[in-house]
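Welcome, and thanks for taking a look at this one with us. Have the viewer ready, and we will go from the overall fold down to single residues.

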Amino acid sequence: MSESHKFLKSKTVAIVGCPFSGGQPLRGVDTGPIHLVEAGLVEQIEELEWKVKFDGHHEFEDVKAANDPPIGILKNPRLVSRVCKAVSAVVGQHAKDGHLPLTLGGDHSLAMGTISGSLSMYPDVRVIWVDAHADINTIASTGSGNLHGMPVSFLLGINKRPPPEHPNASGYDEAMAEYSWVKPQLTSDRIVYIGLRDVDAGEKRILREHGIKAFSMHEIDKYGIGRVVEMALDHVNPKRDKPIHLSFDVDALDPTVAPSTGTPVRGGLTYREGHYICEAIHETGCLVALDLMEVNPSLHDAVAVSQTVAVGCSLIRCALGETLL
């Protein structure tokens with residue numbers, strides 16, 4: 001491959017469609033991947049001179065967790081675990097084949113699977129996590145038990161046992177056994193956040209305790225998106241010689257830009273700021289995997305849905321090399 005794709009064996013995108021909503025309570029996010037593909041995403045990627053491998057959306061027919069009571073506070077724990085494990089295997093195989101896995105979510109709990117898959121091929125992968133939320137709650141810190149707010153804690157292996165008197169202490173051993181397939185290969189110096197603006201108090205403590213670099217909207221306002229992306233890359237990939245997994249939650253964008261998402265927060269990235277991140281990551285030549293998560297076409301009217309889907313497709317194209325000139 002050329003210098004523009006340092007780690008891939010061929011210029012092939014393998015689309016992993018994941019219509020899945022088990023990590024959070026709102027229905028509809030499971031239809032996001034379907035809308036993205038129906039909007040012409042495959043053809044748009046092919047126009048950028050990529051080969052596209054897409055065999056249809058994963059239905060996870062072998063994953064049955066209809067009878068899935070909570071484990072302690074965790075909701076849908078077995079379903080989320082088993083779907084993410086299946087996603088990890090699929091993403092990992094595409095990575096081993098030398099392709100670039102593009103995972104369309106679905107809720108962001110899926111990143112447990114996508115990043116685990118990348119790590120199976122690239123143990124030194126760097127993660128750029130673009131999101132309004134840190135998604136790093138632990139079993140002890142979560143207030144909701146929704147697993148889309150927890151994938152990073154499992155990937156980092158920081159789910160320590162709560163003290164017996166803690167309200168979330170019950171079910172700890174069972175939960176950790178269920179998620180024992182998630183190997184804590186990611187280290188705190190190999191992930192960086194961009195766009196945070198709605199972070200729980202417990203998550204703030206976790207970020208500080210583990211020294212995790214995060215650029216909130218405050219830093220973006222202060223330095224501008226160009227400088228922030230440069231600082232983020234300098235932190236996790238200073239020589240631009242390590243593979244990058246970009247996990248992009250559309251709620252990182254301001255709701256005026258991408259309204260059809262489950263947990264919108266005002267004051268987010270502009271249209272151009274979001275696209276610049278993707279453009280800059282592409283320019284490194286280090287991108288090996290891409291997630292686009294949390295498009296929810298069941299929310300808002302048809303105009304807002306179309307707007308959000310179009311933005312999602314556009315972000316993907318930029319990460320794959322589309323330029324303004």
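## A word before we start

A residue is called buried here when its relative accessible area is under 20%, and exposed when that area is over 50%. Please keep in mind that this is a predicted model.

## The chain as a whole

The protein chain holds 11 helices and eight strands. Its C-alpha trace spans about 60 × 45 × 40 Å along the principal axes. A compact globule of 325 residues would have a radius of gyration near 20 Å, and the 18 Å of the protein chain agrees with that. Contacts over long stretches of sequence are plentiful: of those between residues at least 6 apart, 77% join residues at least 24 apart.

Turning to the surface, 59% of the 325 residues count as buried. The accessible surface comes to about 12900 Å², and carbon and sulfur atoms account for 52% of it. The chain carries 30 positive and 41 negative charges, and the mean positions of the two sets are 6 Å apart.

## Helix 4, wrapped by its neighbours

Helix 4 covers residues 111–121, and it is largely enclosed by the rest of the structure because nine of its 11 residues are buried. Those buried residues are Ala111, Met112, Gly113, Thr114, Ile115, Ser116, Gly117, Ser118 and Leu119.

What do the buried residues of helix 4 pack against? Their partners include two helices, helix 3 (77–96) and helix 5 (151–156). The strands they pack against are strand 3 (100–105), strand 4 (126–130), strand 7 (244–249) and strand 8 (287–293).

## The largest nonpolar core

The largest nonpolar core has 101 residues, and those touching the most other members are Ile45, Ile128, Ile136, Tyr193 and Ile194. Helix 11 (residues 302–319) gives the most to this core, with eight residues.

Ile194 is a good place to zoom in. Leaving aside neighbours within four places in sequence, Ile194 is in contact with Ile128, Trp129, Val130 and Asp131, among others. Further contacts of Ile194 include Phe215, Ile220, Ile225, Val228, Val229, Ala232 and Ile277.

## Val16 in strand 1

Val16 is found in strand 1, which runs over residues 12–18. Is Val16 buried or exposed? With a relative accessibility of 0%, Val16 counts as buried.

Beyond its neighbours within four places in sequence, Val16 is in contact with His58, Val90, Val91, His94, Leu102, Thr103 and Leu104. Lys53 is 37 residues from Val16 in sequence, and their C-alpha atoms are 9.0 Å apart in space.

## Two more buried residues

Glu178 lies in helix 6 (residues 172–178). Glu178 has a relative accessibility of 17% and therefore counts as buried. Setting aside neighbours within four places in sequence, Glu178 is in contact with Pro77, Arg78, Ser81 and Arg82.

Val265, in turn, sits in the loop between strand 7 and helix 10 (271–284). Its relative accessible area is 15%, so Val265 is buried too. Which residues does Val265 touch, not counting those up to four places away in sequence? They are Ala132, His133, Arg197, Asp198, Asp254 and Pro255. Val265 and Leu196 are 69 residues apart in sequence, while the C-alpha to C-alpha distance between them is 9.9 Å.

Conventions. Residues are numbered from 1 along each chain as its sequence is written. This is a predicted model: local features need pLDDT of at least 70, side-chain atom pairs count only at pLDDT 80 or more; totals for chains, interfaces and linings use all residues. Side-chain values use heavy atoms; hydrogens and water are left out. Helices (H or I, at least four residues) and strands (E, at least two) are DSSP runs, numbered from the N terminus. The radius of gyration is taken over C-alpha atoms; the globule rule is 2.2 Å times the number of residues to the power 0.38. Buried means under 20% relative accessible area, exposed over 50%, partly exposed in between (1.4 Å probe, protein chains only). Contact means heavy atoms within 4.5 Å. Accessible areas come from the Shrake-Rupley method with a 1.4 Å probe; for residues, only the protein chains shown count as cover. Lys and Arg count as positive and Asp and Glu as negative; His and the chain ends are not counted. The place of a charge is taken as NZ of Lys, CZ of Arg, CG of Asp or CD of Glu. A nonpolar core is a set of buried Ala, Val, Leu, Ile, Met, Phe, Trp, Tyr and Cys residues joined through side-chain atoms within 4.5 Å.
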